[in-house]
Every structure is written in C-alpha cells, then in structure tokens.
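Here are some exercises to work through with the model open beside you. Try each task before you read its solution.

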Amino acid sequence: MPDNPYLPYPVRIQQIITETEDRNLKTFKLGFLNKDDEEQFKYIPGQFCELSMAGKGEIPIGIASSPTEKGFLLFTVNKTGVATKYLHNMDEGGIIGVRGPLGNWFPWKEMEGKNVLVIGGGFAFTTLRSSIVYMLHPENRNRFRDITLVYGARSPGLLLYRKELAEWEKRNDIHVHITVDATDDPDWPYNVGFVPAVTEQKIKTSENSYALVCGPPIMIKFTQPVLEKVGFEPERIIMSLEMRMKCGIGICGRCNIGDKYVCKDGPVFSLAQLNELPKEY
Amino acid sequence: MSDKVIKKEELPNVLKILKETYEVFVPVKEKGFYRFKVLEDENKVDLNFTNTRLSPKSLLFPQSERMFEYSLDEADEDAYVIKEPPKDYAPTVVVGMRPCDAKALRLVDVNFVNPEFKDPWWARRLESLTLIGLGCKEPCSTCFCTSVNCGPFNEEGLDVLLFDLGKNYMARAITEKGAQLLKLAGVSEDATSDLNKQAEESKAKAEKQIISHVPTDKLKEKKAIDLFDASFWDEVAFACLNCGTCTFLCPTCWCFDIQDEVNKKKGDRIRNWDSCMFPLFTLHASGHNPRSEKVQRVRQRFMHKLKYYLDKYDNGVACVGCGRCVNYCPVNIDIREVFKLMNET
Amino acid sequence: MRYTDKIREIAKKILADKTVDLIIGFKRGTLPMMTEPVTVRDAEKTDQLYWDSFCNMNLANYLPKREEKIGIVAKGCDSRNIAVHIVENQIKREQLYIIGVPCEGMVDRRKIISLLGDKEAKEVIESDGEIIVKGEGFEHALKRNDYLQDNCMRCMHRNPVIHDALVGDLVEERKEPDPYDDVKDIEEMGSGEKWEFFLDLIKDCTRCYACRNACPLCYCPTCFVDESDPQWVGKSIDPTDTMTFHVLRAFHCAGRCTDCGACEQACPVDIKVRSFTRKLNKDVLDLYGSEAGLSIEERPPLDTYRPDDYDAFIR
C-alpha cells in the first residue's frame with residue numbers, strides 16, 4: 001500500500017470481457033500505470049480491492065485473478081449501483097484506480113496437505129476462481145490434495161468464466177461439478193439442480209478437508225447443513241462475506257459484525273467464527 | 001517540570017505570544033453556544049464555559065474533508081488519476097479543551113492509527129496539535145466521566161492542564177510538548193505550594209461533585225452475542241428518531257463516509273461524518289440492509305461504544321462521560337440508563 | 001400534573017378492555033425538563049405515563065405503518081399531524097384511540113437553559129402558571145407564558161382537532177390578530193438580505209437530519225437527500241447542499257406542516273428551522289385558505305386536483 005492507504009494506484013483497463021448473457025457481469029483486466037506499484041502490489045487469493053472511479057466513488061470487489069497470473073489483475077463486477085454502472089460503461093484503455101490488496105485471505109497455510117472443496121454460486125465465484133487458478137498452478141498443486149469444485153448458477157448463460165470451467169472439467173487434477181438451477185438446452189452436458197443438492201450428491205466425505213463456500217445467502221443457508229452432515233467442522237467451513245464498505249481498512253466504521261470489521265478482519269471467516277458473532281449481515 | 005502559575009490578567013499576553021508561533025483555538029460563544037474558533041482578540045477570551053456544544057473532534061477530523069482531487073478533463077495528462085492536494089499542518093494550540101474531550105481523542109486514536117493502517121490526516125493533525133486543557137471545577141449533573149476511566153481533571157491526552165483557581169490559573173505541563181509550549185509562552189513562575197494545594201482541593205471537590213455514576217464492571221465478562229440478543233433493545237430504541245445528533249455531538253464517534261463530488265471537469269473525493277443511526281450507513285447496493293430496522297441501529301451504537309470497542313481494543317469503553325448525548329438527545333435516550341441495562345441485565 | 005392522572009386512567013381502561021394494543025405517550029425524563037416517548041402495552045404499567053409542559057416531541061411521528069390498535073396522547077398540533085397521517089394513508093382512523101390534551105403550550109427547555117447561562121437547573125417544578133427552576137445557589141420563579149416554545153406562542157389550534165377522549169376541559173383558543181408577524185419581517189427583506197438571512201440561519205447545520213427525523217411529515221422511505229441514483233444533493237456541509245436540503249424539505253412540507261416545532265426542538269445546534277416552513281404555511285393559508293390537519297376529509301391543497309380549478313394551467 002502507498003503511505004496514504006486511501007490513495008488508489010492508477011490502472012488502465014486492458015480488456016473488458018462480458019461474462020454473462022444478461023450482460024450484468026463483466027470482467028475487467030487491469031494493468032498498473034506504474035511499474036513500482038505493480039511490484040508493491042502483493043496479494044493472496046481471497047483478498048479484495050477498492051476499485052476507484054474518479055467522480056463516481058469506490059466499490060469493494062474481490063480479486064478474481066491469481067497471484068500466479070502476472071502483469072494484470074482481474075475483477076468481475078456485477079452491475080448494481082452508480083459506480084458499477086459507470087464502470088460497465090467504460091471502454092478499454094480507460095483509467096481507474098485500485099486500492100489494496102485489502103482484507104484477509106483463505107487459510108492457505110492450514111489447507112496445505114488437505115483436500116479442498118470449493119463451492120460457489122452465481123457471481124460470488126470471483127475469489128474462488130482466484131483460488132482455483134492458484135491451487136492448480138504447477139508451483140502450488142502439490143501443496144494440496146484433492147481439489148473438488150461445485151459451481152452453479154441459475155442458468156448456463158449466468159455461469160462465470162465458462163471457457164475456463166470447460167478447461168478445468170477436462171483436467172484430471174480437479175473434480176469439477178458444474179450445475180444450473182434449470183435449462184432448456186437438451187444438450188447441456190453438466191448437472192441440473194441447486195448447489196446444495198449437487199453437493200449432497202457428489203460430496204461424500206469431509207475427511208482431511210476444507211470447504212470454501214461463496215454464494216448468495218440462500219445457497220449458503222442450504223449448503224451449510226449438507227456440509228455439516230458429511231462431517232465438516234465449523235472451523236473448516238470457510239466463507240467470504242460482503243458488506244457495504246467505504247475505507248476498506250477498518251477505520252470508517254460501517255462494515256462491522258460485532259467487533260469484527262469485514263473489510264479488515266474479514267472478508268474471510270470460518271463458520272466457527274461466524275457462530276460467535278451477532279447475526280447481523 | 002514543576003507546576004506554573006499564570007495570573008488571569010496575564011492570560012491575554014500568554015495567548016498573544018502563542019499566536020505568533022501557533023494557530024490558536026479558543027472556545028467562543030456564538031449563536032447561543034460555545035465552539036472552538038481561531039483566536040482573534042486575546043483580550044476577549046472567555047473560559048467561563050461549561051463545554052462546547054459539539055465536541056472538538058472536528059479540529060482533527062473535520063465534518064467534511066477533501067481527501068483527494070482529480071481532473072476529468074481528457075486534455076489533462078493525468079486525467080482520472082487521483083491525487084492528494086497539499087494540506088496545512090501548521091502547529092496549532094487548543095486552549096480550554098475539557099479533559100473528557102482530550103481523553104476521547106486517545107480513544108479514537110486507536111481506530112485511526114492501528115498497527116496495519118494509519119489515517120494520515122488524523123495522525124498528522126494530532127502531531128501538529130498541542131492541547132491545553134481546562135479542568136472542570138464545576139461538573140454538571142450529567143457528567144459521568146469518573147465512571148469511565150476519566151475525570152474532571154484527567155490528564156490523559158492533554159499537553160498542559162489548567163486549574164482555574166480564582167485569580168490565577170495553575171498550569172501543569174503533562175508532556176514535553178506542553179512544557180516547551182509553556183516555556184515559549186514565558187510561563188515560568190513556579191506555583192506556590194499553597195496554590196498547589198488549592199488545585200488539589202479543587203480537583204477533589206469537582207470529583208465529589210460528580211453525581212452521575214454508571215456501572216461498567218460486568219461489561220467485559222459478558223458475551224457480546226448475549227448482549228446483542230438482550231430483550232431490552234426494543235424499549236431503548238422506541239423513542240429514537242434516528243437523527244444523528246448523538247453521533248455528531250459525541251467526541252468518540254468517528255464513522256465516516258467517502259463521497260466523490262464533481263464540479264464540471266474537476267472532482268474531489270471527500271470524507272464526511274456519517275452515522276450508524278442512518279439506514280444508508282449499511283445499505284448494500286443490492287438493496288440488502290443488515291441494519292434496516294431502527295432497533296438494530298440503536299443497538300449498534302451502544303454495542304459499539306460499550307462492548308465491541310471494549311472487546312476489540314481492551315481500552316475501556318468508547319465513552320468519556322461528557323453528557324452531550326444525554327443533554328441533546330431530543331427524546332431523552334440516556335446512555336447512562338443503557339450502561340445500567342447492559343451491565344446489570 | 002392534573003393531566004397525568006387522567007392520561008393514566010384512560011390508558012389503563014382502554015388497555016384493560018382491549019380497545020387498544022398499546023399506548024404511545026410520554027414518560028418522565030431522566031433530566032429536568034425532558035420527557036421520553038414511550039409505549040405501554042400492559043394496563044398495569046400505565047403509571048409510567050406522564051405529562052408536563054415539556055412533552056414537546058410530536059408523537060404522531062411514531063404512527064406511520066404501524067399495524068396495531070393504538071392509543072395515542074395528542075396535543076393540538078399532534079392531533080393535526082395524526083389527521084394528516086390519516087389523510088395521507090399512513091394510519092387508519094379506526095386503528096386509533098386519540099387521548100386529546102388541550103394544550104396551553106409547551107415550555108422551551110432551551111430558553112430556560114439559555115437564561116441560566118453556565119448554571120444548571122437541578123430541579124424544575126411547575127405550579128400555577130409558574131415554572132420554578134432550582135439549582136446550586138439559585139431559585140427562579142418564571143412565568144410559564146414567557147418561556148413557551150416559539151411555535152406555541154403563535155399557536156391558534158391548542159385543542160385537539162380529533163380525539164376519542166379528553167384529559168381536561170378545552171382551553172380557550174388564542175385570538176391573536178396575526179400569527180405570522182414574524183414571517184412578514186422576513187418577507188419585507190430585499191432578496192439579497194433574505195439570502196444572507198437564510199445562509200446565516202443554516203450556518204451551523206450539521207446535516208444530522210434531526211429536524212427531518214423529528215417531523216411526522218417526513219416518513220418517505222428514502223428521503224431525497226439519501227437517494228444515490230440519481231444523487232440530488234451533495235453530502236458535505238457545502239452551504240449550497242445544506243440550503244438545498246432545508247428548502248426542499250420545507251417545500252415538501254408545504255400545506256402539511258402543523259408548526260408543531262419538533263424540528264426546532266430536535267436541532268442540536270438551535271437552528272430556527274421553522275423560518276422555512278412558516279412562510280409556506282402562511283402562503284398556503286393566504287392562497288388556499290387552508291391549514292394543515294384540521295380535517296380528516298380533505299387532502300392537503302398542494303396534493304389536490306380539481307377539474308374546476310380556477311387556474312387554467314392546471315385544468
């Protein structure tokens with residue numbers, strides 16, 4: 001981070017990829033304007049940044065790229081408010097700012113030597129993509145045992161990173177279970193069903209495993225009992241929370257759950273940690 | 001450094017000397033209440049005030065502050081690049097800050113300057129400030145500073161503490177910075193042992209005069225989640241208007257918002273005081289709001305002050321007992337009663 | 001006070017016979033000259049209810065969107081705001097049991113505090129048109145009528161306009177010739193002078209929105225100042241934005257404001273917020289002969305369309 005933690009690094013939009021058929025999700029590939037900034041920017045999968053649009057403000061967005069991917073950062077942004085709408089309308093070559101990396105990360109140390117189950121739903125798949133790319137990288141793959149992915153969206157057109165999913169599907173060092181809530185495509189080659197149901201069907205053991213779970217509240221609500229049934233301990237069910245944020249560094253005061261700031265003490269929490277906190281998120 | 005004496009008639013002269021080196025802030029009564037303003041006429045300084053209506057936190061943390069600026073003009077080489085404008089950190093003296101308000105700055109400091117991140121504006125302003133406190137010889141019935149690790153002559157956070165002893169002030173340097181300032185201002189006459197005794201008596205009398213006491217002893221051991229789920233919040237919150245008065249007057253409320261404001265091709269990034277009383281404070285872009293109900297917001301304010309802060313920093317509660325919220329809540333939600341509920345229930 | 005017993009008695013009865021589910025009233029404050037709005041649901045707990053000359057908040061503020069059957073204590077102005085709420089569909093008349101309080105004006109706590117300077121009132125007793133203020137080494141007997149809230153000094157509707165019970169005999173309404181003499185002083189200013197007057201008026205505004213939140217009229221789910229898309233008003237304390245807030249809020253209250261004074265009583269920095277709303281009240285009275293909340297039949301004039309309107313542009 002620069003000396004002033006509120007000051008964003010200037011970056012250029014190198015590429016914009018429309019991810020979903022409803023065009024509400026776009027991935028922005030960003031390159032640093034200054035080489036020094038790029039070298040200073042060291043992140044770990046699970047962290048996020050404040051994307052900073054001059055005149056429109058800042059938005060907290062998970063980093064979708066992996067630190068093993070050099071020379072750029074990826075952010076997948078859902079069009080919801082003023083700043084995201086503006087960003088969606090920007091062109092390649094445009095200048096924005098990036099402030100970060102912010103927050104904590106998935107428990108990589110603890111997960112070493114373990115099986116990792118990744119469960120994602122809808123557009124909450126960004127830092128999970130980062131995590132999978134990171135784990136599959138030749139330098140890291142041996143640090144983890146079996147890697148399993150369950151990822152679902154409402155329909156095929158709403159899945160993120162479809163090309164990569166198809167590639168992962170072909171690999172033999174990751175088990176991939178893609179699912180959609182429904183589809184009218186008779187040739188759909190993957191699963192149909194909600195994420196919790198597919199999880200129940202495919203995941204039979206929690207032995208020596210961690211689960212990383214990101215998705216809409218409803219998915220989390222119904223996936224949690226499935227994981228508990230297979231024997232996942234709350235300490236090993238890892239989630240990433242969203243909250244309205246401004247400063248991103250634990251100072252401005254709005255994103256707390258109990259005495260934890262989601263921006264600084266999170267966004268990654270284990271279910272065990274969340275169980276100790278007020279249900280106010 | 002031994003305690004010094006300033007004769008009241010010499011105070012203008014002392015202030016005049018300070019004015020040459022420092023920007024000097026003093027309490028000024030304007031439109032019916034006191035606020036800290038830049039000293040204009042040292043002969044008209046009036047230290048016979050109870051306290052300022054708003055806490056002096058704005059001296060370090062203005063209600064609205066420009067953080068950054070940028071150009072949106074494509075013709076500019078660095079269009080859209082966010083930059084920090086130069087700021088003024090001239091050495092500043094505040095004369096007459098009440099001990100509770102000085103203590104509050106210490107409580108807030110752990111938020112703005114934490115092990116990982118330092119708020120540069122808060123930190124630099126704090127460095128540039130020298131605080132001359134004025135002990136409270138006549139505390140109000142709503143003051144409860146002695147219950148919350150503070151007191152009418154508490155020294156924490158101050159550089160100099162003044163004791164008002166009739167014809168004289170006794171000046172006690174608390175920090176090296178304070179000692180330097182007294183030296184610079186030519187305050188060199190040692191206080192007599194008699195004056196010293198008077199000061200101690202004034203302090204003891206003031207402490208005794210504090211009639212409001214709040215219990216805090218059980219707050220630490222209670223579980224946050226039990227207090228969060230306690231049954232009394234609906235009753236506490238009913239009358240609340242969700243106006244931000246308590247948070248805006250409070251010396252320990254620090255929450256802020258960040259907003260971009262654009263005028264033609266020039267833009268500023270501004271931070272403004274914000275309040276956990278406002279529904280907008282936690283509203284997600286998606287429309288979801290974890291604290292959509294009034295009772296949740298009222299609970300948040302008290303839980304933050306009396307429990308979360310305590311748990312997070314192990315630095316006592318985030319309240320100095322100044323009584324501002326007690327006096328100015330339009331519907332009489334009295335934090336002293338909430339202390340009792342949280343501590344005793 | 002004489003009204004307190006009567007309020008308790010009525011409340012107890014209507015809770016006990018299940019006429020209502022809860023009572024919204026006042027309880028004694030923790031400070032002299034303060035009261036706190038409170039709900040009572042249990043007939044055995046009606047002793048909490050209390051009345052004195054410092055019940056200055058407008059309880060109608062707590063009504064919108066409530067589902068229960070409610071007994072509510074209401075002064076003249078409160079009752080007019082209840083009428084506004086009924087007309088504007090914020091609450092139903094059938095849901096309410098209005099305990100009307102004939103009002104002789106609320107005493108302004110801040111006027112008394114300001115009179116005392118750096119002295120503090122430790123005890124305040126009301127008796128027979130006098131307010132006895134006691135503190136360390138002093139005791140003042142103040143004439144109640146000299147220390148009324150500004151709005152109460154000019155109030156023309158002290159009796160509740162709708163009620164299901166009364167806690168005392170109706171009081172005589174004032175017959176002052178001109179309740180708007182203060183507005184006229186502002187009207188007579190030149191436009192530059194007016195601008196300066198209003199800029200100075202809001203100089204200390206902290207944008208805490210206490211005035212808005214204390215106002216029963218301000219029940220919009222999202223106030224225009226909180227709207228982010230589009231953002232109508234900046235959020236700093238730039239005078240232009242602050243002025244925009246006050247002026248737009250006042251216009252939103254035009255023809256609906258009962259001049260209850262809650263806005264001024266809530267303001268933490270003593271801004272005379274009513275200087276905005278009163279001009280509009282006067283205009284609505286002059287132009288439409290209407291005062292807010294006097295009937296539950298009639299919609300506010302600026303919210304009314306009539307095919308026979310005498311102005312051609314609107315027909």
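**Exercise 1.** Find which residues of H2(C) are buried.

*Solution.* Start with the test: a residue is buried if 20 or more other C-beta atoms, placed from the backbone, lie within 10 Å of its own, exposed if 12 or fewer, and partly exposed in between. Applied to H2(C), this picks out Gly76(C), Cys77(C), Asp78(C), Ser79(C), Arg80(C), Asn81(C), Ile82(C), Ala83(C), Val84(C), His85(C) and Ile86(C). Eleven of the twelve residues are buried, so H2(C) is largely enclosed by the rest of the structure.

The model is predicted: local features need pLDDT of at least 70, side-chain atom pairs count only at pLDDT 80 or more, and totals for chains, interfaces and linings use all residues. Residues are numbered from 1 along each chain as its sequence is written, while chains are lettered from A and ligands numbered from 1 in the order in which they are written.

**Exercise 2.** Work out what the buried residues of H2(C) pack against, and what follows the helix.

*Solution.* Look for contacts (C-beta atoms, placed from the backbone, within 7 Å). They lead to strand S3 (70–74) and strand S4 (96–100) of chain C. After H2(C) comes Asn89(C), with a positive phi near 60 degrees.

**Exercise 3.** Check the length of helix H2 (residues 76–87) of chain C.

*Solution.* Multiply 1.5 Å by one less than the number of residues. For twelve residues the expected span is 16 Å, and the end C-alpha atoms are 17 Å apart, which agrees.

**Exercise 4.** Find how much of chain C is buried.

*Solution.* Apply the burial test to the whole chain: 42% of its 315 residues pass.

Terms used: Helix = DSSP H or I, 4+ residues; strand = E, 2+ residues; numbered from the N terminus. Contact = placed C-beta atoms within 7 Å.
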